[in-house]
Amino acid sequence: MREGVAARDLNATVVYAGGGFRRYDEAKVGLLTHGLQYGTGCFEGIRGYWSPQERELYLVQLREHYERLAASAKILLMELPHSTQELIEITVDLCTRNRFEIDVYVRPCIFKSAEDVGVRLHDAPCAFAIVPIPFTAYLEKSKGVRACVSSWRRADDSMVPPRAKITGLYVNSALAKSEAIANGYDEGILLSNDGHVSEGSAENIFLVRRGILYTPDPSQNVLEGCTRRAVIEIARDFGIDVIERAIDRGELYAADEVFFTGTAAGIAAVTSIDRRTVGDGGIGAITRRIGDLYDRIVVGREPRYASWLTRAYAAQAVG
Ligand code: PMP
């Protein structure tokens, strides 16, 4: 079983596909599907956190994820078949039908569904689906993440725009991730072609130096992460300065703290980079402070941030 995916009969999972709800094994794509052959699709990854005390599933930043999906689709000349509000309602319905009582990961995707040969974006129909799966930890967070700087460079916006979550672009991430694992690390950090720090294979990156938080600005070929946005807000609420700017590789080695952010990863401390210990090798104070608050927010324990959550099982969902 893959890291992160909890045991459950995938075939019996209810998915949304072809405009309705059906079992996973009833929703098929053909071998020649454009999105499969050419990577012409885009997707989202949304987390739902199960609170056993309240018997509630909290879906995190649904609106932000669906707005980003709409923007990604637009870049690929596609249009979502539903408004953001409708997609929020469908997602809540989907979780309710599956009646998950465990953390989940929801994967909406839209892709070119033409089954023919000929690479293009124009004149091709598209299909939309949402697949939810039970999910556990993505990166082993308690030990801290051992990262390396990847030999692969992040694709530039002039090649494939990384601010769109495009399926084909994940070859770039997969190359970096597998190289990192093969070399004994947990995760790779990609630099942009000009040598500045971009992001992890599926996470944004932050570093702390002298009490200030730094993260690459959106022009550094990063995905504009929903968790990144949340962390910037949390940090500013704590009174911590956050600076978005180009970051040099050397700054990673000199940092007091480094952490990754992502829907799947949450907030994960990086404890070494290229075998150089970050700070004292433990989880730094600012990382812990932000991470602890984030972990409370996503299970509905922080009323101030309640607007980030949608309660899947409450009679009335909030947006
Ligand atoms: N960068 C990349 C390349 C990613 O795949 C992800 C995961 N979606 C992130 C950053 C983090 O984004 P988010 O916080 O929206 O999950």
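This report describes backbone outliers, a surface patch and a helix pair in a predicted model.

Residues are numbered from 1 along each chain as its sequence is written. In this predicted model, local features need pLDDT of at least 70 and side-chain atom pairs count only at pLDDT 80 or more, while totals for chains, interfaces and linings use all residues, and side-chain values use heavy atoms, without hydrogens and water.

Most residues other than glycine have a negative phi. Arginine 55 has a positive phi of about 50°, and so has glutamine 61. Helices (H or I, at least four residues) and strands (E, at least two) are DSSP runs, numbered from the N terminus.

| Residue | Phi | Loop | Relative accessible area |
|---|---|---|---|
| Arginine 55 | about 50° | strand 4 (46–51) to strand 5 (56–60) | 45%, partly exposed |
| Glutamine 61 | about 50° | strand 5 to helix 2 (62–75) | 4%, buried |

Buried means under 20% relative accessible area, exposed over 50%, and partly exposed in between (1.4 Å probe, protein chains only).

Leu32, Tyr38, Val117 and Val119 form a nonpolar surface patch with about 390 Å² of accessible area together. Nonpolar side chains (Val, Leu, Ile, Met, Phe, Trp, Tyr) are joined within 5 Å, from residues with over 30% relative accessible area and no salt bridge. Valine 119 belongs to the loop between strand 6 (104–112) and strand 7 (126–134); with a relative accessible area of 64%, valine 119 is exposed.

The axes of helix 5 (residues 226–237) and helix 7 (residues 285–297) come within 10 Å and cross at roughly 115°. Helix 5 and helix 7 are therefore roughly perpendicular, a class that covers 65 to 115 degrees.

Methods
Patch = residues over 30% accessible without salt bridge, like charges linked within 9 Å, V, L, I, M, F, W, Y side chains within 5 Å. Areas by Shrake-Rupley, 256 points an atom, 1.4 Å probe, with all protein chains shown as cover. Salt bridge = Lys/Arg side-chain N within 4 Å of Asp/Glu carboxyl O. Axes fitted to C-alpha atoms, helices over the stretch in contact; angles between N-to-C directions. Parallel < 35°, antiparallel > 145°, perpendicular 65-115°, else oblique.
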